[in-house]
Amino acid sequence: MAKISSSLEDQVINSLEEVIDPELGVDIVNLGLIYHVSVVDQKCTLSMTLTTMGCPVGNLLADSIRQAVIAVEGITACDIKLVWEPAWDIGRMSRYAKVALGLHE
């Protein structure tokens, strides 16, 4: 299997910035929910977490993520690996997300 250039992975991350967590109103990339993105042979595999176990919007987010990833030209499949290690905390959020949510450092 040939690994596709990282620019395709960058395009996936850019596309994922359009996926908004409906509870927090901030995209999943800036929330720090995406841990890893890899594209091999037109298939994207990504590792992500949720802000809490049992998050009620998990399935909605997964559907939105798949749509955003498949929208990237050159990608035909998306596999989402939900992980809990390392645990998510607000330290994973970007400055933008913290400001948007009224959290100050």
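# A guided tour from Leu101 to the sheet

Begin by selecting Leu101, which counts as partly exposed because its relative accessibility is 30%. The model on screen is a predicted one. Leu101 is located in the segment that follows α3 (95-100). Add Leu24, Ile90 and Leu103 to the selection: together with Leu101, these residues make up a nonpolar patch on the surface. The accessible area of the four combined is about 290 Å².

**The sheet as a whole**

Next, display the strands. The sheet is open and consists of three strands, ordered β1-β2-β3, with mixed pairing. At the edges lie β1 (34-40) and β3 (77-82), each of which pairs on one side only. From one strand to the next, the twist averages 15 degrees. As a general point for viewing, side chains in a regular strand alternate between the two faces of the sheet.

**From β1 to β2**

Select β1 along with β2 (residues 43-48). How many bridges join β1 to β2, and do the strands run parallel or antiparallel? There are six bridges, and the two strands run antiparallel. Two pairs serve as landmarks here. Val37 has Leu46 as its bridge partner in β2, and Val40 stands opposite Lys43 of β2.

**The hairpin turn**

Now centre the view on the loop between β1 and β2, where Asp41 and Gln42 are found. The hairpin formed by β1 and β2 has two residues between its strands. Which sign does phi take at Asp41, positive or negative? Phi of Asp41 is positive, near 50 degrees, although the residue is not glycine. Asp41 is classed as partly exposed because its relative accessible area is 39%. Gln42 likewise is not a glycine and has a positive phi, of about 70 degrees. With a relative accessibility of 40%, Gln42 counts as partly exposed.

**From β2 to β3**

Return to β2 and add β3 to the selection. Six bridges join β2 to β3, and these strands run parallel. Such pairing in a sheet, whether parallel or antiparallel, is made through backbone hydrogen bonds. To see one of the bridges in this pair, pick Cys44, whose partner in β3 is Cys78.

Keep Cys78, a residue of strand β3, at the centre. Is Cys78 buried or exposed? Cys78 is buried, because its relative accessible area of 15% falls under the 20% limit for that class. Leaving aside residues up to four places away in sequence, Cys78 touches Cys44, Leu46, Arg66, Val69 and Ile70. For a distance check, select Arg92 as well: Cys78 and Arg92 are separated by 14 residues in sequence and by 23 Å in space, C-alpha to C-alpha.

**The salt bridge on β3**

Select Asp79 and Lys81 and show their side chains. These two residues form a salt bridge, in which the closest N and O atoms are 2.8 Å apart. A search of the whole structure finds one salt bridge. Asp79 is partly exposed, with 25% relative accessible area. Lys81 is also partly exposed, at 40%. Both values lie between the 20% and 50% limits, so neither residue counts as buried or exposed.

**Leaving the sheet**

Move on to the loop between β3 and α3 and select Pro86, which is found there. What kind of peptide bond joins Glu85 and Pro86? The bond is cis, with omega at about -5 degrees.

As a closing view, bring the sheet back together: the strands are ordered β1-β2-β3, with β1 and β2 antiparallel and β2 and β3 parallel. Against this sheet, add helix α2 (residues 58-70), which packs on the sheet and touches β2 and β3. The direction of α2 makes about 140 degrees with that of β3.

Note on methods: Residues are numbered from 1 along each chain as its sequence is written. This is a predicted model: local features need pLDDT of at least 70, side-chain atom pairs count only at pLDDT 80 or more; totals for chains, interfaces and linings use all residues. Side-chain values use heavy atoms; hydrogens and water are left out. Patches are made of residues with over 30% relative accessible area and no salt bridge: like charges are joined within 9 Å, nonpolar side chains (Val, Leu, Ile, Met, Phe, Trp, Tyr) within 5 Å. Accessible areas come from the Shrake-Rupley method with a 1.4 Å probe; for residues, only the protein chains shown count as cover. Helices (H or I, at least four residues) and strands (E, at least two) are DSSP runs, numbered from the N terminus. Buried means under 20% relative accessible area, exposed over 50%, partly exposed in between (1.4 Å probe, protein chains only). Two strands pair if DSSP finds at least two bridges between them. Axes are lines fitted to C-alpha atoms, for helices over the stretch in contact, and angles run from 0 to 180 degrees between N-to-C directions. Contact means heavy atoms within 4.5 Å.
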